[in-house]
Amino acid sequence: MGLTSRKVLALAVLCAVVLFAATVWLWPRLARRSWRAVTGRVVMLLATQLSVFVCVGLAANQAFGFYANWADLFGQETDEGVVVEHAAGGAADGRLQVVGTQKVMAAGASLPRLSGQIQKVGIEGRRTGIVTPAYVYLPPEYFQPQYRTRTFPVAVVLTGYPGTAQALISKLEYPRTAHDLAKKGRMQPMVLVMLRPTLAPPRDTECVDVPGGPQTETFFAEDLPEAVLSHYRVGRGAGSWGIIGDSTGGYCALKLAMHHPGRYTVGVGLSAYYKAPIDPTTGDLFHGNTNLRNRADLMWSIHHLPAPETSLLVTSSRHGERDYKSTLEFIDAVKATNKTRISSIILDSGGHNFTTWKREIPPALEWMSGRLAES
């Protein structure tokens, strides 16, 4: 049974209840002052508390999608390898392989031409050598004959850290939201490319080209678009590409839109922060390179680098979000450039969690759609 299985949670709750009942039942027998009785009381208390802690952890993981499986929890990736065909001359098709499909949970429809389709893919970066799984949502129009020559705009969708790409589908419901908004005429049909910003798990690389390490910024700026363009009918121009994410993914989205306006004309940061942290999960990202460290600081970039011609959207909450003040400062700094466009969604109250982001995703996708072209 997997880490996110409801059966695992139910079993953990059952164990906690049994241990609690056993502790109450056996406590009178363990009331003596002998070392055996004292040891028994300590063991029972620790076992009961541990079982409750496990229940809370499993429930929180199911709600927020921190870890996808046991290997992910313990820092070991066990995803099946993706077979990549290397054609002579380096044909572009080999950089993206579809390895599975699933339905979009849309009301009253199950066929791709009616509800769209989610494809699980493996992507290999030609420049960076990074190989990562991802999910691609194709809207219903992608499969309809009248649109067979149409190219679609793309939104790259990023999780936070550690995050799971599956949570973008099952918890944050990006494909279903995009489907419903397009059906209501609130946004145009778009292709969504959904993945983790963590390309060298369990390390959090913060979408930085680490000296001597993973070149994650280059992957998102060059390798990922190249792979998607080689396989899907999507727009080639910068005006057709946007990027959105929450938390770490939000920071990455804003940074990539600012650093690479020739690729991403729109960037959305949900509960984003504005400077790459250095902590045990990231390790040394910059290896003493001051320019690289400064460039990863979005406030520094706004003040010291040429203002990019891109559109940014940031979100926060007046109560419940630690980034509220820094978000207002970032908005003011961007407005002062008179070149980069900035918009915001500021809730009265919210938190750094899926519940808050689900309130922000529909208007964010609608806003992004209005700024993207087909090609």
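In strand E5, Val191, Val193 and Leu195 point one way while Leu192 and Met194 point the other way, and all of these residues are buried. This is seen in a predicted model, and the strand as a whole is mostly covered, since five of its five residues are buried. The points below start from this strand and its partners, and then turn to the nonpolar cores, the aromatic rings, a serine in a helix and some less common backbone shapes.

**Strand E5 and its partners**

- Strand E5, which covers residues 191-195, is joined to E3 by three bridges, and these two strands run antiparallel.
- One of the residues involved in pairing with E5 is Tyr135, whose bridge partner in E5 is Met194.
- Five bridges join E5 to E4, and here the two strands run parallel; Leu158, for its part, has Leu195 as its bridge partner in E5.

**Nonpolar cores**

- The largest nonpolar core has 54 residues, and those that touch the most other members are Val156, Val193, Leu195, Phe220, Leu224, Tyr232 and Phe330.
- Apart from this core lies another one, made of 33 residues, which include Ala178, Leu181, Val268 and Leu365.
- Which residues is Phe330 in contact with, leaving aside its neighbours within four places in sequence? They are Met258, Tyr274, Leu298, Met299, Ile302, Leu312, Val314 and Ile342.

**Aromatic rings and the charges over them**

- A pair of aromatic rings is described by two values, namely the distance between the centres and the angle between the planes.
- The count of aromatic pairs in this model comes to eight.
- One of them is formed by Tyr142 and Phe152, a tilted pair with 5.6 Å from centre to centre and 40° between the planes.
- Tyr142 and Phe152 both lie in the loop between strand E3 (131-138) and strand E4 (154-158), where they are ten residues apart.
- Are Tyr142 and Phe152 buried or exposed? Tyr142 counts as buried because its relative accessibility is 12%, a value under the cut-off of 20%, and Phe152 is buried too, with a relative accessible area of 0%.
- Another pair is formed by Tyr274 and Phe330, and this one is stacked, with 4.6 Å from centre to centre and 20° between the planes.
- The pair of Tyr274 and Phe330 links distant parts of the chain, because Tyr274 is in the loop between strand E7 (266-270) and helix H9 (290-295), Phe330 is in helix H11 (residues 324-335), and the two are 56 residues apart.
- Both partners of this stacked pair, Tyr274 and Phe330, are buried.
- Ring pairs also link Tyr142, Phe143, Phe152 and Tyr232 into a cluster.
- The charged end of Arg233 sits over the ring of Tyr142, at 4.2 Å from the centre of that ring.
- In a similar arrangement, the charged end of Arg263 sits over the ring of Trp241, at 5.0 Å from the ring centre.

**A serine in helix H2**

- Ser51 has its place in helix H2, which covers residues 35-64, and with a relative accessibility of 9% this serine counts as buried.
- A polar atom of the side chain of Ser51 lies 2.6 Å from the backbone oxygen of Thr48.
- When residues up to four places away in sequence are not counted, Ser51 touches Ala16 and Leu19.

**Less common backbone shapes**

- Most peptide bonds are trans, and most residues other than glycine have a negative phi, so the exceptions deserve a look.
- Where is the cis peptide bond with an omega of about 0°? This bond joins Tyr161 and Pro162, and Pro162 has its place in the loop between E4 and helix H5 (165-170).
- A cis peptide bond also joins Pro201 and Pro202, with an omega of about 5°, and Pro202 is found in the loop between E5 and helix H7 (216-231).
- The loop between E5 and H7 is also the place of Cys207, a residue other than glycine that has a positive phi, near 55°.
- Cys207 counts as buried, with a relative accessibility of 0%.
- Ser271 has a positive phi as well, near 50°, and its place is in the loop between E7 and H9.
- At 1% relative accessibility, Ser271 too counts as buried.

How values were computed: Residues numbered from 1 in each chain as written. Predicted model: local features only at pLDDT ≥ 70, side-chain atom pairs only at ≥ 80, totals over all residues. Heavy atoms only, no water. Phe/Tyr/Trp six-rings, centres within 6.5 Å; stacked < 30°, edge-to-face > 60°. Helix = DSSP H or I, 4+ residues; strand = E, 2+ residues; numbered from the N terminus. Buried < 20%, exposed > 50% of the residue type's maximum accessible area, 1.4 Å probe, protein only. Lys NZ or Arg CZ within 6 Å of the ring centre and 35° of its normal. Polar contact = N/O pair within 3.5 Å; in protein donor to acceptor, adjacent residues only side chain to side chain. Contact = heavy atoms within 4.5 Å. Core = buried A, V, L, I, M, F, W, Y, C linked by side-chain atoms within 4.5 Å. Pairing = 2+ DSSP bridges.
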